[in-house]
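Please open the structure in your viewer and keep the selection panel at hand. The tour below suggests what to select at each stop and says what is to be found there.

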Amino acid sequence: MIWTFISNGIGAINWTFLTDIPRAGMTAGGILPAIVGTIYLTLGTIAFALPVGVASAIYLAEYAREGRFVRVINSAITNLAGVPSIIHGLFGFGLFVTFLRFGTSILSGSLALFLLVLPIVISASREALLNVPRSFREGALALGATRWQTVRHNVLPYALPGILTGTILAVARAAGETAPIILTATFFFRPTLPSSPLDGTMALASHIYYMATQHPNIVQVRPLVYGTVLTLLGMVLSLNFVAIVIRTRHRRGKKW
Amino acid sequence: MDKEEQRGRRDQNLKEFFVEKLLFTSATISIIVVILIFAFLFSQGAPVFGRISIAEFLTGMFWQPTSVIKPEFGSVPLLHGTMIITAIAMAISVPTGVVIAVYIGEIAHPLEKEILKPLVELLAGVPSVVYGFFALVTLATWIQQLTGTTSRLNALNGGIILAIMVIPTIVSLAEDVITSVPKEYREASIALGASKWETIRRVVLPSSAPGILAAILLGFGRAIGETMAVLMATGNAAIVSLNVLDSVRTITATIAIETPEVAFGSLHYSALFALAILLFAITFVFNYLASIVIRRLGGSRR
């Protein structure tokens with residue numbers, strides 16, 4: 001399957017394709033606005049997901065005691081992880097786009113994707129924190145450090161590679177998601193680059209969908225779709241690859 | 001203790017206090033979000049039941065929300081579409097997934113395992129719209145050539161692409177469970193003279209059955225909630241037919257197609273949220289069942 005995409009897609013990709021706006025009714029030109037849109041959407045997603053996710057994980061791993069509250073949070077996280085992505089999209093459409101009047105925009109899309117990846121970031125970060133040996137904390141506490149000082153200087157730095165791996169995987173997931181963003185953030189055609197978070201945008205994933213199903217001239221644009229698929233795959237798979245590299249390096253460098 | 005030091009300590013305590021509160025607040029966001037999604041879906045979906053009864057929604061045979069003469073909001077054709085392609089997908093992916101998991105966990109050479117496991121992870125990372133495009137362009141053509149069907153995009157096409165997407169989920173979970181079966185079990189079985197195949201069938205599979213069941217349930221939840229691939233592969237005709245070569249339309253595809261065009265607050269708008277509640281309820285049940293099975297598993301083995 002991957003071979004189909006590489007053999008059909010590679011011919012479409014060249015410098016113009018990656019750096020030009022779509023031209024001639026989207027039958028020629030490039031996909032720059034879609035690439036930029038995907039990057040903005042994923043950056044927006046991290047901007048929300050990383051602080052909230054890591055802070056939640058720190059609370060759960062370092063502060064919270066076993067009890068009802070933790071059980072409730074855990075089941076909330078599991079539930080959130082099980083929600084189909086189209087529901088995130090519909091929810092985002094209803095709440096962010098219409099009710100809060102953010103419109104079809106990068107902000108709405110990032111928020112919808114944030115809800116989608118939050119459970120992934122929390123679980124990965126919590127796992128990473130819990131993998132830091134107990135003695136690291138005890139050492140700091142015994143020297144009179146406060147709890148936050150302990151976490152900040154003796155736990156977080158060692159959990160960082162694990163947290164990063166989880167976050168990158170979550171971002172890769174967000175970059176490829178289509179259903180939430182077609183309801184909250186993207187347009188079929190918007191050749192100008194977005195200049196504010198409240199602008200709508202094009203994105204690679206939605207571009208594939210629109211071009212493959214809604215473009216009036218389906219056969220003529222097919223090579224461009226193959227090219228877009230290959231670009232998106234390249235982006236998502238290289239993110240996955242980076243995550244795996246960080247993970248193996250970290251495992252090798254671990255001395256405790 | 002002099003004044004300076006006292007003040008320093010007080011600031012320190014204050015900081016600790018605020019940091020803890022901040023972390024606590026972040027942790028509650030997940031709860032708030034889940035409640036918000038629930039509440040929002042219900043508040044937006046409920047109005048539809050003022051106009052049509054729940055029974056009508058659940059048993060109506062026609063989904064024609066934009067009909068000028070008489071709009072119909074029966075969810076049966078959509079539920080049927082979702083169920084038929086999920087059934088096809090599970091029929092293919094469960095046996096295939098379990099076989100691959102057994103192969104990776106029990107039979108494969110360590111080197112093979114090193115290659116196969118990341119490959120499965122990689123397949124799980126491919127965006128669903130890419131699978132959808134593959135189904136739309138390539139798979140649909142193959143199926144058409146094989147069966148000579150007139151509707152290129154159909155339930156079979158959707159079911160097969162969904163199976164390909166669910167297999168990595170089932171394989172990676174099932175393989176974890178199979179690998180975690182204690183080594184002693186296998187050694188005992190082999191020591192009693194059982195062959196490798198007998199050991200797998202009589203010892204390894206039964207003792208990992210609950211975990212495999214959980215993997216299947218999670219795969220099911222994933223299949224039901226999948227949108228893009230299904231949307232692009234099935235042709236999206238809201239008809240009830242048991243012929244797998246007919247086009248079908250799923251709940252998820254309906255939400256994706258109709259939401260961008262719906263008028264805010266209209267009956268149709270609220271019917272889409274009612275569909276989302278239905279979908280949410282189905283996936284919730286399956287994820288819940290899976291979590292019970294996983295909890296049982298954790299309790300019994302350790």
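The stops that follow go from a whole chain to its domains, then to single residues and to the contact between two chains.

Before selecting anything, bear in mind that this is a predicted model.

**Stop 1: the whole of chain B**

Select chain B and colour it by secondary structure, which comes to 12 helices and 2 strands. If you follow the chain from the N terminus, the elements run α-α-α-β-β-α-α-α-α-α-α-α-α-α. The radius of gyration of chain B is 25 Å, well over the 19 Å that the globule rule gives for 302 residues, so chain B is more spread out than a compact globule. Turn the C-alpha trace along its principal axes, and the spans of chain B are about 80 × 75 × 35 Å. Of the 302 residues in this chain, 45% count as buried, and among the contacts between residues at least 6 apart in sequence, 73% join residues at least 24 apart.

**Stop 2: the two domains of chain B**

Next, select residues 3-45 of chain B, which the domain assignment gives as domain 1, and give another colour to residues 63-301, which it gives as domain 2. How far apart do the C-alpha centres of these two domains of chain B lie? The distance between the centres is 37 Å. Where the domains touch, 4 residues of domain 1 of chain B are in contact with 6 residues of domain 2 of chain B, and the residues on the domain 1 side divide into 2 nonpolar, 2 polar and no charged.

**Stop 3: B:Ile84**

Now select B:Ile84, whose place is in helix α4 of chain B, a helix that takes in residues 76-107. Is B:Ile84 buried or exposed? B:Ile84 is buried, because 23 other C-beta atoms lie within 10 Å, and 20 or more are enough to count as buried. Leaving aside the neighbours within four places in sequence, show B:Ala155 and B:Val248, with which B:Ile84 is in contact. Add B:Leu156 to the view as well: B:Ile84 and B:Leu156 are 72 residues apart in sequence, and 8.9 Å separates them in space, C-alpha to C-alpha.

**Stop 4: two residues with positive phi**

Move to B:Asn236, which sits in the loop between α10 (228-233) and α11 (251-258) of chain B. Phi of B:Asn236 is near 60°, a positive value in a residue other than glycine. B:Asn236 is buried, with 20 other C-beta atoms within 10 Å.

Then select A:Arg101, in the loop between α5 and α6 of chain A, where phi is likewise near 60°, a positive value in a residue other than glycine. A:Arg101 counts as exposed, because there are 10 C-beta neighbours inside 10 Å, and the cut-off for exposed is 12 or fewer.

**Stop 5: where chains A and B meet**

Finally, show both chains together and select the residues in contact, of which 53 come from chain A and 50 from chain B. On the side of chain A that touches chain B, the elements that give two or more residues include α3 (32-63), α5 (85-99), α8 (147-176) and α11 (218-253) of chain A. Which element gives the largest share of this side of chain A? It is α5(A), with 9 residues. Coloured by class, the side of chain A that touches chain B has 39 nonpolar, 13 polar and 1 charged residues.

Key. Residues numbered from 1 in each chain as written. Chains lettered and ligands numbered in written order. Predicted model: local features only at pLDDT ≥ 70, side-chain atom pairs only at ≥ 80, totals over all residues. Helix = DSSP H or I, 4+ residues; strand = E, 2+ residues; numbered from the N terminus. Rg over C-alpha atoms; globule rule 2.2 N^0.38 Å. Contact = placed C-beta atoms within 7 Å. Nonpolar A, V, L, I, M, F, W, Y, C, P; charged D, E, K, R; others polar. Domains from an automatic or database assignment.
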